[in-house]
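Q: I have not looked at a model like this before, and I would like to learn how to read it step by step. Could you take me through it?

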Amino acid sequence: MDIKILKEDEYLESLRLSEYAFQYRVPEEKIPARLEMLKSHKLLGIRENSALAAKLHIIPFAVYMNGEVWDMGGIAGVATYPEYRRSGHVKSLIIEALAQMKHDGQIVSLLAPFDFAFYRKFGWEILSDVKKVTIEKVNLKLLSPQSGYIKRNSKETHHEDIEEIYRKYGKKFSGMLVRDTKWWKEHVHDDQSQAAVFYNTSKEARGYVVFNVKDRKMEIKEMAALDQEARVGLWNFICQHDSMVDIVTVNLPVHDPFPYFLNQPKLKTEVMPYFMCRIVNAKKCLERFRFDSTADPIFIHLEDPFAAWNNGSYLIGNGEVKEYKAKEGSQCLNPPKRGIRLTINELSAILFGYKRPEELYDLGLIKGAKQEVDQF
């Protein structure tokens, strides 16, 4: 099975495969722009009898990790024509994509899954949960007035203040995408959406909502606040739509304190897994991750069936990471049996902050002494 990086003259063929697999159609007048966009992707493809049978996109992105910016490979557009399915093409493309991302210095990878179980098999794990809060008109009650003010913008009048709020917000978490202005205009805003930015009395932008209002429903697509003053100011702005809407829905990260601080926090709340993450290069990831350098060293024994370079044992401590791995034709230190044993899935969930080691230990997904799990 021969996997190749597709060239520009093959992009249209790749687009046609996406249209078939994902059941959409790009209008003819928009095809040139779509093909131009693909120039920033790395497209991997498999051909059978000269026809493109399967393909996968790697999109170069960056994410915030512990306040730093890490290179990330976004996996998208994974598709196969039905007549070539169950031939192992997707598995082969994923294995090659991991090798390509490692070569390109992309330490981690993210994707939006069509099926969580499918990508879990290949080492991707849940990155985050999203909660959707539904608020009926009767519960749109103002809180104490804030002394700041709101400014609204649209896609055409997009302002850099909202980008600065997002940067400050994103650096507090792991796995949030680094966005440029083009990304905001093409992937956050749409032609009907608006953005409301809250400013305090010092004229500092401290929070925003991106929303749509249609058919007496307000959908908050995204909400970020840097402090409680901004949360209250944005909530009061939402409440001022009470004559226009019957229902408000708010999409939020699961850890966001909304709606706890409302007078009526008993609101319909749905929580679902959202995105998936994977460590591509374990050694580079562990070396760059900010562990407690004063803690006692600990061994982790890592298993990764689809990225063999990650298999091995790592001693973490004293501000460094030592790798213990057998090398062909050479002697290698044997790591001790002590330490904790886990797969790339568990390590990804832990380092991205989705699960703590103790939780995974209780689920039987981490093996080792309880004391060492607590230490980790």
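A: The turns below go from the chain as a whole to its strands and their partners.

A: Please keep in mind that this is a predicted model.

Q: How many helices and strands does the protein chain have, and what does its C-alpha trace span along the principal axes?

A: The secondary structure of the protein chain comes to 11 helices and 17 strands, and along the principal axes the C-alpha trace spans about 75 × 55 × 35 Å.

Q: What percentage of the residues count as buried?

A: A residue is called buried when its relative accessible area is under 20%. By that cut-off, 46% of the 376 residues of the protein chain count as buried. The area that the protein chain exposes is about 19800 Å², of which carbon and sulfur atoms supply 49%.

Q: Where do the centres of the positive and negative side chains lie?

A: There are 54 positive and 52 negative side chains in the protein chain, and the centres of these two sets lie 1 Å apart.

Q: How should I read a sheet, and in what order do the strands of the open sheet of four stand?

A: A general idea helps here: in a regular strand the side chains alternate between the two faces of the sheet. In this structure, the open sheet of four strands has the order E16-E15-E14-E17, and its pairing is mixed. Strand E16 (320–324) and strand E17 (340–343) each have a single partner strand and stand at the edges, so one side of each is left without a neighbour in the sheet. From one strand to the next, the twist averages 25°.

Q: Which way do E14 and E15 run, and how many bridges join them?

A: Strand E14 (residues 298–303) and strand E15 (residues 312–317) run antiparallel and are joined by five bridges. Within this part of the sheet, isoleucine 300 stands opposite tyrosine 314 in E15. Helix H9 (residues 344–351) packs on the sheet, where H9 touches E14 and E17, and the direction of H9 makes about 95° with that of E17.

Q: Which strand does E6 pair with over nine bridges, and which strand is joined to E6 by seven?

A: Strand E6 (residues 125–136) pairs with strand E13 (residues 268–279) in the antiparallel sense over nine bridges, while seven bridges join E6 to strand E12 (residues 247–253), and these two also run antiparallel. Valine 133 can be followed to both partners: threonine 269 in E13 stands opposite valine 133, and valine 250 is the bridge partner of valine 133 in E12.

How values were computed:
Residues numbered from 1 in each chain as written. Predicted model: local features only at pLDDT ≥ 70, side-chain atom pairs only at ≥ 80, totals over all residues. Heavy atoms only, no water. Pairing = 2+ DSSP bridges. Axes fitted to C-alpha atoms, helices over the stretch in contact; angles between N-to-C directions. Contact = heavy atoms within 4.5 Å. Buried < 20%, exposed > 50% of the residue type's maximum accessible area, 1.4 Å probe, protein only. Areas by Shrake-Rupley, 256 points an atom, 1.4 Å probe, with all protein chains shown as cover. Lys, Arg positive; Asp, Glu negative; His and termini not counted. Charge placed at Lys NZ, Arg CZ, Asp CG, Glu CD.
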